[in-house]
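User: Could you take me through one part of this model in close detail, namely how its elements pack against each other? I'd enjoy a connected account that starts from single residues and builds up from there.

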Amino acid sequence: MENKNLEDMHRYAHYHSAEEKKKQLNRIAKATGHLQHVKMMIENDEDCAQVLMQLSAVDSALRNLGKEIINEHMTHCIAHALEDGDTKAVEEFQKAVKKFI
């Protein structure tokens with residue numbers, strides 16, 4: 001992503017609680033662990049069905065993280081952006097959600 005686009009996306013304040021960040025970072029750690037296990041399984045020529053099951057766990061962990069981030073962003077960041085009159089933030093978020101879906 002170009003720096004200009006990144007700057008445009010962050011015109012409004014983000015409000016994230018330490019508790020929510022900790023939950024999100026824990027989900028990333030779980031997904032990373034699953035992905036490392038997939039790498040090891042492939043290196044060790046393990047059963048493809050088992051590799052796919054492990055990949056499913058990675059996908060699920062990332063999807064759930066995305067859902068949490070969407071919820072957190074809608075209830076905090078977008079709400080504050082709208083209070084500040086920043087309707088462009090909603091448009092940018094809608095684009096991001098479409099890519100996620």
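Analyst: Happy to! Lys23 has its place in helix H2. In this predicted model, Lys23 is partly exposed, with a relative accessible area of 38%. Its C-alpha atom lies 8.8 Å from that of Leu65, although 42 residues separate Lys23 and Leu65 along the chain. Gln36 also belongs to helix H2 and counts as partly exposed, at 48% relative accessibility. For Gln36 the residue to look at across the chain is Gln54: the two are 18 residues apart in sequence, and their C-alpha atoms are separated by 9.9 Å.

Now for the helices themselves. Helix H2 covers residues 18-43 and helix H3 covers residues 48-83; their axes come within 9 Å and cross at roughly 160 degrees. An angle over 145 degrees counts as roughly antiparallel, so H2 is roughly antiparallel to H3. The crossing of H2 past H3 is left-handed.

The loop between H2 and H3 deserves a pause, and Asp45 is found there. Asp45 is not a glycine, yet it has a positive phi of about 50 degrees. That is worth flagging because most residues other than glycine have a negative phi. Is Asp45 buried or exposed? With a relative accessible area of 71%, Asp45 is exposed, because the cut-off for that class is over 50%.

From H3 we can go on to H4. The axes of H3 and H4 come within 11 Å and cross at roughly 170 degrees, so this pair is also roughly antiparallel. On the H3 side, the contact is made by Leu62, Arg63, Gly66, Lys67, Ile70, His73, Met74, Ile78, Ala81 and Leu82. H4 contributes Ala89, Val90, Phe93, Val97 and Phe100.

Phe100 lets us zoom in on that contact. Phe100 sits in helix H4, which spans residues 88-100. Leaving aside residues up to four places away in sequence, Phe100 touches Leu62, Arg63, Gly66, Lys67 and Ile70. Each of these five also appears on the H3 side of the contact with H4. What does Arg63 do at Phe100? Arg63 lies over the face of the Phe100 ring, at 4.5 Å from the ring centre. The C-alpha atoms of Phe100 and Arg63 are separated by 8.8 Å, with their positions 37 residues apart along the chain. Phe100 still counts as partly exposed, because its relative accessibility is 28% and buried would require under 20%. Aromatic pairs, by contrast, are absent: the structure holds zero of them.

Stepping back to the chain as a whole, the secondary structure comes to four helices and zero strands. Read from the N terminus on, the order of elements is α-α-α-α. The protein chain has 101 residues, of which 24% count as buried. What share of the contacts between residues at least 6 apart in sequence joins residues at least 24 apart? That share is 67%. The pairing of Phe100 with Arg63, at 37 residues along the chain, is an example of such a separation, and Phe100 does touch Arg63.

To put the walk together: H2 runs roughly antiparallel to H3, Asp45 with its positive phi lies in the loop between them, and H3 and H4 are roughly antiparallel in turn. Within that second contact, Arg63 over the face of Phe100 is a good detail to keep on screen.

Notes. Residues are numbered from 1 along each chain as its sequence is written. This is a predicted model: local features need pLDDT of at least 70, side-chain atom pairs count only at pLDDT 80 or more; totals for chains, interfaces and linings use all residues. Side-chain values use heavy atoms; hydrogens and water are left out. Rings of Phe, Tyr and Trp (its six-membered ring) pair if their centres lie within 6.5 Å; planes under 30 degrees apart count as stacked, over 60 as edge-to-face and the rest as tilted. A charge sits over a ring if NZ of Lys or CZ of Arg is within 6 Å of the ring centre and within 35 degrees of the ring normal. Helices (H or I, at least four residues) and strands (E, at least two) are DSSP runs, numbered from the N terminus. Buried means under 20% relative accessible area, exposed over 50%, partly exposed in between (1.4 Å probe, protein chains only). Contact means heavy atoms within 4.5 Å. Axes are lines fitted to C-alpha atoms, for helices over the stretch in contact, and angles run from 0 to 180 degrees between N-to-C directions. Angles under 35 degrees count as roughly parallel, over 145 as roughly antiparallel, 65 to 115 as roughly perpendicular and the rest as oblique. A crossing is left-handed if the near helix is turned anticlockwise from the far one by less than a right angle, and right-handed if clockwise.
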